[in-house]
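Please study the sequence and the model shown below, and then work through the exercises.

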Amino acid sequence: MGEKWLVMGLGNPGDRYARTRHNVGQMVVDVLAHRAQARFQRHRSRAHVATARIGTLPGGAPGPQVLLAKSSGYMNLSGEPLAALARAEGVDVDRILIVHDELDLPPHELRLKIGGGEGGHNGLKSISQHLGTRDYARLRIGIGRPPGQMDPADFVLREWRGSDAEEALVTVVEAADVVESVLIKGFGQAQMELHTS
């Protein structure tokens with residue numbers, strides 16, 4: 001498992017969006033960077049990138065090298081910087097993991113999958129378009145459906161409040177653990193452990 005990974009957390013830039021449901025993916029890569037004591041720097045691909053070794057392999061060796069990435073632009077433009085970063089750093093599609101919010105999962109539920117549709121998620125649509133495939137790994141973080149007649153577009157840009165915000169922090173840490181599991185144990189093993197736990 002010596003190959004380099006690219007983990008992108010989806011979200012929108014700036015403080016205005018930092019604590020919204022749509023930015024949960026960026027929150028996860030922030031946690032991973034903090035654990036690895038890695039700093040984000042602007043890359044020529046127009047992504048912010050932190051290079052780190054994540055986790056510890058059996059026997060105590062440092063875990064695999066990973067590029068933790070956040071787009072410097074808006075969610076619906078995520079694909080271009082991701083594809084440019086993967087090309088520039090020589091990362092294959094089977095070593096890309098996208099961390100994103102998911103309306104079609106109950107709040108705080110985590111699911112790993114490879115490929116499939118985008119479910120109306122504009123960040124994923126952009127990534128599929130620029131990679132030329134939908135067959136990339138995703139860690140889906142459930143945010144649930146909006147209450148009543150609320151527009152989903154408004155819902156995803158709302159901040160978590162109260163106990164929901166506290167639960168979100170726990171979920172983000174759990175999601176970071178799942179990413180580490182993917183990088184160290186491989187996608188299949190991590191998926192099996194997550195979905196049978």
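Three exercises with worked solutions follow.

This is a predicted model, in which local features need pLDDT of at least 70, side-chain atom pairs count only at pLDDT 80 or more, and totals for chains, interfaces and linings use all residues. Residues are numbered from 1 along each chain as its sequence is written, and side-chain values use heavy atoms, with hydrogens and water left out.

**Exercise 1.** Determine which secondary structure pattern the protein follows along the sequence.

Solution. Begin with the elements: the protein has 6 helices and 7 strands (DSSP runs, H or I of at least four residues for helices and E of at least two for strands, numbered from the N terminus). Next, place them in sequence order, which gives β-α-β-β-β-α-β-β-α-β-α-α-α.

**Exercise 2.** State why the radius of gyration agrees with that of a compact globule.

Solution. The rule is 2.2 Å times the number of residues to the power 0.38, and the radius is taken over C-alpha atoms. For 197 residues a compact globule would have a value near 16 Å, and the protein has 16 Å, so the two agree.

**Exercise 3.** Identify which residues of helix H6 are buried, and what they pack against.

Solution. In H6, residues 187–196, the buried ones are Phe187, Ala190 and Leu194 (buried means under 20% relative accessible area, with a 1.4 Å probe and protein chains only). They cover an arc of only 70 degrees around the axis, which puts them on the same side of H6 (the arc is that of the directions from the helix axis to the C-beta atoms). Finally, the buried residues of H6 pack against strand E6 (110–114), strand E7 (137–142) and helix H5 (162–185), where contact means heavy atoms within 4.5 Å.

Methods: Buried < 20%, exposed > 50% of the residue type's maximum accessible area, 1.4 Å probe, protein only.
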